[in-house]
Amino acid sequence: MFTMALFPVLSRQAQDDQQGFLRFYSLGTKILLLIALPAAIISTIAAREMVLILGGPEYLPDAMVALQFMAWSIPIGWINSLTQYVLIALDQQRYLIRAYLIGFGFSLITNLLLMARFGYRASAILHIFAEAALLIPFVIGLKCQLGHIDWWGIVGKLLLSAAIAGLVALVLLPVGRWGALLGAMLAYPLAVWRFNVLTPDEWGLLAPLLRKK
């Protein structure tokens, strides 16, 4: 829903305002990662309870393990979701087909090679790498169309914030999983605030929406 809402704006700016186009893409990516990274942390720590609620005890522990691995495909997958619409806005539909063929080929070949030997755990982990295999041609396509993009400036501080939250969770894990989850969810927004993840320019873009609230 979020990426579809951004798509008309991105389509207009792709033709008329490349700087505005990059600002909106950067902001959209940050907003998605702001949600996706803590979602992955929560899914990792609370996977057992999620499986119990959604499936029942007969799905433990296998579904829990699969969820803990696959949760970390969420941040990459959400970036891919937005980036594909950015490439469409840049009229790169044919390039998208080739990129998806690369991602599909990687997923198919690696699952055939590893799943029979290592089972569902391998497939769950490979899902993360399959999203990464799709992101790589996406990033190359953006570079060809738009030139240099400061990816570290977009995702670096968010990754550091998630790493700090994960470290806090690990330290508190001996106390209990709920304590670890609470600590991580307190540490993450504090780190995001401390690192000034959103620039003043991005806050300016968000200001009209915040005023409407």
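A residue is taken as buried under 20% relative accessible area, as exposed over 50%, and as partly exposed in between. By this criterion Asn196, at 51% relative accessibility, counts as exposed. The model in which these values were computed is a predicted one, and Asn196 is placed there in the loop between α9 and α10, the latter covering residues 200-212. The backbone of Asn196 has a phi near 50°, a positive value in a residue other than glycine. Most residues other than glycine have a negative phi, and most peptide bonds are trans.

The overall architecture of the protein chain is helical, with 10 helices and 0 strands, and the C-alpha trace spans about 55 × 45 × 25 Å along its principal axes. Of the 213 residues, 42% count as buried. Among contacts between residues at least 6 apart in sequence, 74% join residues that are at least 24 apart. The chain exposes about 12200 Å², of which carbon and sulfur atoms supply 70%. The side chains include 15 that are positive and 10 that are negative, and the centres of these two sets lie 3 Å apart.

Helix α2, which runs over residues 18-45, holds Lys30, and Thr29 has its place in this helix as well. Lys30 has a relative accessible area of 3% and is therefore classed as buried, despite a side chain of the kind counted as positive. When neighbours within four places in sequence are left aside, the contacts of Lys30 are with Gly153, Ile154, Leu158, Val197, Leu198, Thr199 and Glu202. Thr29 is also buried, since its relative accessibility is 1%, and, with residues up to four places away in sequence not counted, Thr29 touches Ile79, Leu82, Ile154 and Val155. Ile154 thus appears in the contact list of Lys30 and in that of Thr29.

Helix α3, formed by residues 47-54, has Ala47, Glu49 and Val51 as its buried residues, and these pack against α2, α4 and α9, the last of which comprises residues 177-194. Just after α3, Gly56 takes a positive phi of about 115°. The loop between α3 and α4 (62-70) also contains Pro61, and the peptide bond that leads from Leu60 to Pro61 is cis, with omega near 0°. Pro61 counts as partly exposed because its relative accessibility is 45%. From Pro61 to Ala99 the separation is 38 residues in sequence and 35 Å in space, C-alpha to C-alpha. For Ile74, which is found in helix α5, the C-alpha atom is separated by 9.7 Å from that of Ile35, with the two positions 39 residues apart along the chain. Ile74 is classed as partly exposed because its relative accessibility is 23%.

The loop between α5 and α6 contains Asp91, whose phi, near 65°, is a positive value in a residue other than glycine. Asp91 has a relative accessible area of 58% and is therefore exposed.

Helix α6 follows, with 26 residues at positions 93-118, and reaches 36 Å from its first C-alpha to its last, close to the 38 Å expected at 1.5 Å a residue. A kink of about 35° is nevertheless present in α6, centred on Asn111. Asn111 is among the buried residues of this helix, the others being Tyr95, Leu96, Ala99, Gly103 and Thr110. An α-helix has 3.6 residues a turn, so residues three or four places apart point the same way. The cover over the buried residues of α6 includes α5 (74-89) and α7 (120-146). Just after α6, Gly119 takes a positive phi of about 80°.

Definitions and conventions:
Residues numbered from 1 in each chain as written. Heavy atoms only, no water. Helix = DSSP H or I, 4+ residues; strand = E, 2+ residues; numbered from the N terminus. Expected span 1.5 Å × (residues − 1). Bend = angle between axes of the 7 residues up to and from the residue. Buried < 20%, exposed > 50% of the residue type's maximum accessible area, 1.4 Å probe, protein only. Contact = heavy atoms within 4.5 Å. Areas by Shrake-Rupley, 256 points an atom, 1.4 Å probe, with all protein chains shown as cover. Charge placed at Lys NZ, Arg CZ, Asp CG, Glu CD.
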